[in-house]
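Let's walk through one helix and the sheet beside it. Have the viewer open as you read.

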Amino acid sequence: MKEKIKLFRYYLDRKYNYKFKSREELERFQKDKFKEHIKYVMKNSIFYKEYYKGYNINNLSSLPCIDKKIMMDNFDSLNTVGLKKDQCFEIAFKAENSRDFSPMINGNIIGLSSGTSGNRGLFLVSEEDKNKWTGTILAKALKESILKRQRVAFFLRANSNLYESVKSNHIKFEFFDLLHPLNEHAKRLNKYQPSFLIAPPSMLILLAKEMEWNRLNISPKIIYSVAEILEDKDKEYLEKVFNKKIHQIYQATEGFLGITCKDGNLHLNEDFVIFEREYIDEERFYPIITDFERKTQPIIRYKLNDILIEKKEKCPCGSVSTCIEKIEGRSDDIFKFINKKGDEVIIFPDFIRRAIISSSEEIISYQTLQQSLTDIEIYIEIDEKSDRELIQDNIRFSLDYLFEKQDIEKINISFMDTLVFIQGNKLRRISSNVLYKAEMV
């Protein structure tokens, strides 16, 4: 009962108290919170105490960054509850294999990241962190009162006590394992009739097709896309089938990073996470995040490899938090080539994406993989009546034109018969297996 009261307090606090009139007010709040938080971290994390020796700890931008490798290499000394990496991995792997995600260590939730960045990671959440997260997610995701009854259907690769914590007297929560068959999901959903549907775009598309084939009959009030990049074309299709606005939650192993407002625009959660920017060009940046609420596994100046594009227009919702035009991809979604002069050239995912989808209106779905500096493989899903050869020629022409503008030549473009996708993993529509110089330093 005591924990429920704490959770409800966090919900009310986040729902009604974190309203900032100006950007300057928000930044002053962040600065004060960080100064308070860093004292706790320096006292309780052996890693950060050593890592920041000699630095002015109150000057955030002067502190060295960390990434997933640094965090995992120093896991034992970084966390503040004395947990060991080997023990946590053992618990996490057992949960993955048994599909029983309830075990914890000393009241701490152990989670395993999906490893799309090339190496698997762990996340730790204490009881206090869990209550904060749950109160926050309910405050930001529920567009109605917390007292209104909801039935949440949650699709993800792995469940967690963290996600289960949203359950209450008024909120029913059911986890749908992405590894289970689609027809099983459809039967459960038809019976459950969720008011809230949360799933990766790849699963939402499959469910939308089930609806078109009259095998699924649900009408959720709100739909959230999670875990994968939500392509514009997919968003349009999903909104047409479900007849609802598709919202997004930007959640990673490193924390709850963003969510769409009532107007459908994605805002960063700057009321508890500081986002510094490492600009790639005039509009794209890698976020460097500092979560000043997370105490069990402190996240300070953690560099993500997500590529974000900031929205230039002010959001009509009135929030002063940064509004994101789109999450374009990750650093390993960037294509790398050598031009005629022998110089390295990088092409961002959005240019590849646009070149393909603009080739033909008949493309339903696609995937593009760069296998080497000169080889690209593409999968396209089209209607059986469509002229596959013609569409493939159009794609080649469109990509050749894109490459030609960058002085890139002799790129072999071939087409795959099947989508490269393992059930339960994240769908990557655009990805590259080629390292470029910035990644090799």
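## Ground rules

Two strands pair if DSSP finds at least two bridges between them. Helices (H or I, at least four residues) and strands (E, at least two) are DSSP runs, numbered from the N terminus. This is a predicted model, where local features need pLDDT of at least 70, side-chain atom pairs count only at pLDDT 80 or more, and totals for chains, interfaces and linings use all residues. Residues are numbered from 1 along each chain as its sequence is written, and side-chain values use heavy atoms, leaving out hydrogens and water.

## The sheet

Strand S18 (residues 363–372) and strand S19 (residues 375–382) run antiparallel, joined by eight bridges. Within this pair, Gln370 stands opposite Ile376 in S19.

Four strands make up the open sheet, in the order S20-S19-S18-S21, with mixed pairing. Its edge strands, each pairing on one side only, are S20 (412–415) and S21 (430–432).

## The helix

H13 packs on this sheet, touching S18, S19 and S20 (contact means heavy atoms within 4.5 Å). Which residues of H13 are buried, that is, under 20% relative accessible area with a 1.4 Å probe, protein chains only? They are Ile391, Gln392, Ile395, Ser398, Leu399, Leu402 and Phe403. These cover an arc of only 135° around the axis (taken from the directions from the helix axis to the C-beta atoms), which puts them on the same side of H13.

The face turned away from that buried side carries Glu389, Phe397, Glu404 and Lys405, which are exposed (over 50%, with partly exposed in between). Just after H13, Asp407 takes a positive phi of about 60°.

Definitions and conventions:
Axes fitted to C-alpha atoms, helices over the stretch in contact; angles between N-to-C directions.
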